[in-house]
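Let's take a walk through this one, from a single residue out to the overall fold and back in to the pocket. Have the structure open while you read.

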Amino acid sequence: MTGSEPDHAPFQAPWQAQLFGVTVALADAGVFTWPDWIRALGAEIARGTPYWEAWLVTLEKLLAGLGVALPPEVAALAHLWEEAAHATPHGQPILLE
């Protein structure tokens with residue numbers, strides 16, 4: 001690809017691919033339906049939220065609404081993950097204890 005050709009990669013960062021995979025797996029597991037996902041994502045995008053941010057916000061809202069992952073639980077886990085990441089030497093797997 002030359003510098004003048006557009007980049008059409010579906011993901012610009014690994015977290016986007018992971019988020020996509022988690023969303024598909026949850027839908028495949030029956031946690032929510034794909035039509036419900038599309039409606040909720042479309043509504044978030046219509047609010048002007050950037051695409052991948054909308055994807056994340058939509059998933060968080062759907063899971064919270066279903067009682068699967070409530071915001072306080074998600075925040076607590078995110079805090080634990082951040083602490084573990086800071087305590088883990090570079091190149092080593094991050095372990096939550």
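A quick word on terms before we start: a residue is called buried under 20% relative accessible area, exposed over 50%, and partly exposed in between. Keep in mind, too, that this is a predicted model.

With those cut-offs in hand, look at E73, which sits in helix α4. Its relative accessible area is 47%, so E73 counts as partly exposed. If you want to place E73 against another part of the chain, try F32: the two are 41 residues apart in sequence, and their C-alpha atoms lie 19 Å apart in space.

Now compare a residue in helix α1, namely Q16. Is Q16 buried or exposed? Its relative accessibility is 7%, so Q16 is buried. What does Q16 touch, once its neighbours within four places in sequence are set aside? The answer is F11 and W52.

Here are those two residues side by side.

| Residue | Relative accessible area | Class |
|---|---|---|
| Q16 | 7% | buried |
| E73 | 47% | partly exposed |

Stepping back to the whole protein, you'll find four helices and zero strands, which read along the sequence as α-α-α-α. As for overall dimensions, the C-alpha atoms fill a box of roughly 45 × 40 × 25 Å along the principal axes. The radius of gyration comes out at 16 Å, while a compact globule of 97 residues would have one near 13 Å.

The surface figures go with that. Of the 97 residues, 20% count as buried, and the protein exposes about 7000 Å², with carbon and sulfur atoms supplying 65% of that area. On the contact side, take the pairs with a separation of 6 or more: 39% of those contacts are between residues 24 or more positions apart.

Finally, the pocket. How much space lies in the largest pocket? About 580 Å³. It is lined by 14 residues, and the closest to its centre are L19, L56, E60, V74 and L77. The elements that give two or more residues to this lining are α1 (14–28), α3 (51–65) and α4 (71–87). In character, the lining of the largest pocket divides into twelve nonpolar residues, one polar and one charged.

So α1 and α4 come up twice on this tour: Q16 lies in α1, E73 lies in α4, and both helices help line the largest pocket.

Methods:
Residues numbered from 1 in each chain as written. Predicted model: local features only at pLDDT ≥ 70, side-chain atom pairs only at ≥ 80, totals over all residues. Heavy atoms only, no water. 1 Å grid on protein atoms, 1.4 Å probe; cavity = no way out; pocket = protein on both sides within 12 Å on 5 of 7 lines; lining within 4 Å. Points joined across faces, edges and corners; volume = space filled by probe spheres on them. Nonpolar A, V, L, I, M, F, W, Y, C, P; charged D, E, K, R; others polar. Rg over C-alpha atoms; globule rule 2.2 N^0.38 Å. Buried < 20%, exposed > 50% of the residue type's maximum accessible area, 1.4 Å probe, protein only. Contact = heavy atoms within 4.5 Å. Areas by Shrake-Rupley, 256 points an atom, 1.4 Å probe, with all protein chains shown as cover.
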